[in-house]
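This briefing looks at how neighbouring helices pack and at what surrounds the ligand. Please keep the structure open while reading the points below.

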Amino acid sequence: MRGNGDKDHSLFEALIATAVDGIMVIDDKANVLVYNAACERLFGYEADEVVGRNVNMLMPAPYHDAHDGYVARYLATGEKHIIGIGREVSGRRKDGSTFPMNLSVGEGLLRGRRIFVGIITDLSDRQARERRFQELQTEMWHVSRLTDMGQVAAGLAHELNQPLTAILNYTNTGLDISHEQKDEDLESIFTKIGEQTARAGNIMRRLRSFIEKREPNRTEDNIVRTVEEAIRLGMLDASERGVSIRLKTAAAIPNVFIDRIQIQQVLVNLMKNAADAMEKSPRREINILVTTPSPDFVQISVADTGPGIAPAIADKLFQPFLTTKQGGMGVGLNICRSIVEAHGGRIWAEQGPEGGAVFRINLPVATDGESP
Ligand code: ADP
């Protein structure tokens, strides 16, 4: 520092002591000269355990052993690897655990001695957040893929059912005619067409029931946690569309016996529908409530601030292929109902007291379950 006197010195000390980032100064033998309070928090060592010792005590293997060599190489060759650049490295805490940190190193002279000043930023929070975000994206992809598969299968089954039925009808007519005309070859061909058409119909039926009503993989589960996770998934889409999602839960919610992925699929679907419905609404809020209206079941309600359900479709909302959206498939709510009913539950829709739609789901309480 330039200038002199106690004033400068105490300012310098205060700056170092109050810095949010770790600040460390080492000499050309890698011995620690300065180690601030932020470093104490990061590494778990007190200053007097570190000052005067080799900085490599704060590094995990293999850097612990290699560091002296790095310093010596730099002093001999002037070749910079980290000095003046900064990079992500690992730190080693007093308890032996390691954490990711950004280290930038500057070089200077202090009373004729070469010193290195390191500034350290803890990256563990950021990395944990990035990891969680990636996990969420993978989960989201998984949940939406299941929904897409269900939609495609349901759509295909429906679309193909009509032409298959028509083929079967024509085949039967052909069969009758060839029978009347005693054309056995033709009769045999029509019989085979009929058999193969029936087989195609069965494949479509099996596919649909496999996707929609597959035996769920159920376990006793905490419904609030399940809803919270679904909200995190829903938020990925909702926040981009200016929609906020809030959750309220009653005090003690008993466990339910559910296939967590399937129930999340239902909830993500309801959130997506709510966001679609609020596209043109000035207020875009989804309020999710988890309650126990009776000791036998828990109720999850998903309310939005959209226009509410169009009266013309209110009583057939859960029927397949009913949609008011351009490019909509109209099978989302139908799949939701299949899933909820397979869980022994019930799903229905109401108009909200202040407008908007409210979807409610009742799920039976797990028989021997209180929350863990
Ligand atoms: P899709 O989303 O493909 O239209 P769904 O079965 O999920 O299929 O929904 C069927 C219809 O129900 C929608 O097209 C919409 O008209 C209506 N709907 C669903 N959710 C809401 C809601 N939150 N508010 C108003 N209408 C809704």
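In this predicted model, helix H8 (residues 260-277) packs with helix H9 (residues 332-342) at an angle of about 150°, the axes lying 10 Å apart. Angles over 145 degrees count as roughly antiparallel, and H8 and H9 are therefore roughly antiparallel to each other. The points that follow take up this pair, then the pairing of H8 with helix H7, and finally the ligand.

**H8 and H9**
- H8 passes H9 in a left-handed crossing, and the contact is made on the H8 side by Gln-262, Ile-263, Gln-265, Val-266, Asn-269, Leu-270 and Asn-273, and on the H9 side by Gly-332, Leu-333, Cys-336, Ile-339 and Val-340.
- Sorted by class, this contact of H8 with H9 has seven nonpolar and five polar residues, with no charged residues.

**H7 and H8**
- The axes of H7 (residues 223-238) and H8 come within 9 Å and cross at roughly 45°, and the two helices are therefore oblique to each other.
- H7 passes H8 in a right-handed crossing, with a contact that includes Ile-223, Val-227, Ala-230 and Leu-233 of H7 and Ile-263, Leu-267 and Met-271 of H8.
- By class, the contact of H7 with H8 has nine nonpolar, three polar and five charged residues.

**Ligand surroundings**
- Of the 20 residues around the ligand, Asn-273, Asp-304, Thr-323, Thr-324 and Lys-325 come nearest; Asn-273 also belongs to the H8 side of the contact with H9.
- A polar side-chain atom of Thr-323 lies 2.6 Å from an oxygen atom of the ligand, and a polar side-chain atom of Lys-325 likewise lies 2.6 Å from a ligand oxygen atom.
- For Gly-330, a backbone N or O atom lies 2.9 Å from an oxygen atom of the ligand.

Definitions and conventions
Residues numbered from 1 in each chain as written. Predicted model: local features only at pLDDT ≥ 70, side-chain atom pairs only at ≥ 80, totals over all residues. Heavy atoms only, no water. Axes fitted to C-alpha atoms, helices over the stretch in contact; angles between N-to-C directions. Helix = DSSP H or I, 4+ residues; strand = E, 2+ residues; numbered from the N terminus. Parallel < 35°, antiparallel > 145°, perpendicular 65-115°, else oblique. Left-handed = near helix turned anticlockwise from the far one by under 90°. Contact = heavy atoms within 4.5 Å. Nonpolar A, V, L, I, M, F, W, Y, C, P; charged D, E, K, R; others polar. Near = heavy atom within 4 Å. Polar contact = N/O pair within 3.5 Å; in protein donor to acceptor, adjacent residues only side chain to side chain.
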